[in-house]
Amino acid sequence: MSSEEYQDQNREILDDSMKNCSKININSKDKEWVDELILLVEGSFSDRILNVEELAVLIFISSRQLNRKLKYITGLTVGKFIQAVKLQAARKELEGGTFIAIAEVAYTVEFENQSNFSRVFKNRFGKTPSEYLKLDVVS
């Protein structure tokens, strides 16, 4: 995926998270910071499960400061932000049609439990991953 495609995907995640935020105008520096966070979360998929403390260490601030700043910019806690990035990546994988099994997609984006993944995915997108996959296959 090119850096331009990453930027577009990051903007989509940021735009989605901004719907939950009362703050309407954020500056470009904040957008760049959120883009960097998204890339860090996505980069952790192949290595390990990323948590709030590890993410804070990667960007050289305390977990409390990370939570405050992210909540101020996006309206999301760090945990919810990480989850949103994972779910967006899962949706992209399902759209790409590279996976047949939902468990594969859940594992790829670092969800430990497939049933939890399916429940959270349905809450976020209004359809279960299998419904989403069937929809994409039919199209």
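These legends accompany close-up views of a predicted model.

**View 1. The overall fold is built from helices.** The protein holds eight helices and zero strands. From the N terminus on, its elements run α-α-α-α-α-α-α-α. Of the 139 residues, 41% are buried. Take the contacts between residues at least 6 apart in sequence: 61% of them join residues at least 24 apart.

**View 2. Helix α4 spans residues 63–74.** This helix has twelve residues. At 1.5 Å a residue they should span 16 Å, and the end C-alpha atoms are 16 Å apart, so expected and modelled spans agree. Which residues of α4 are buried? They are L66, L70, I73 and T74. These residues cover an arc of only 75° around the axis, which means that they sit on the same side of α4. An α-helix has 3.6 residues a turn, so residues three or four places apart point the same way. The face turned away from the buried side carries exposed residues, R64 and Y72. After α4 comes G75. The phi of G75 is positive, near 85°.

**View 3. W33 of helix α2 touches residues of α4.** W33 is found in α2, which covers residues 28–43. Is W33 buried or exposed? W33 counts as buried because its relative accessibility is 13%, under the 20% cut-off. Leaving aside residues up to four places away in sequence, W33 touches I59, I61, L66, K69, L70 and I73. Among them, L66, L70 and I73 are also buried residues of α4. W33 and I73 are 40 residues apart in sequence. In space, their C-alpha atoms are 9.8 Å apart. K69 lies over the face of W33, at 4.4 Å from the ring centre.

**View 4. R91 and E95 form a salt bridge in helix α5.** The structure holds one salt bridge. In it, the side chains of R91 and E95 meet at 3.4 Å, N to O. Both residues lie in α5, residues 78–96. They are four residues apart, so about one helical turn separates them. How do the two partners differ in accessibility? R91 is buried, with a relative accessible area of 13%. E95 has 32% relative accessibility and therefore counts as partly exposed.

**View 5. F117 and F121 pair within helix α7.** The count of aromatic pairs in the structure comes to three. One of them joins F117 and F121. Their ring centres are 5.7 Å apart. The angle between the planes is 50°, and the pair is tilted. Where do the two residues lie? Both are in α7, residues 114–125. They are four residues apart, about one turn of the helix. F117 is buried, and F121 is buried too.

**View 6. Ring pairs build a phenylalanine cluster.** The cluster links F111, F117, F121 and F125 through ring pairs. Within this group, F117 and F121 make the tilted pair of the previous view. F111 also has a lysine over its ring. That lysine is K86, which lies over the face of F111 at 5.3 Å from the ring centre.

Methods: Residues numbered from 1 in each chain as written. Predicted model: local features only at pLDDT ≥ 70, side-chain atom pairs only at ≥ 80, totals over all residues. Heavy atoms only, no water. Expected span 1.5 Å × (residues − 1). Buried < 20%, exposed > 50% of the residue type's maximum accessible area, 1.4 Å probe, protein only. Arc of directions from axis to C-beta. Salt bridge = Lys/Arg side-chain N within 4 Å of Asp/Glu carboxyl O. Phe/Tyr/Trp six-rings, centres within 6.5 Å; stacked < 30°, edge-to-face > 60°. Lys NZ or Arg CZ within 6 Å of the ring centre and 35° of its normal. Contact = heavy atoms within 4.5 Å.
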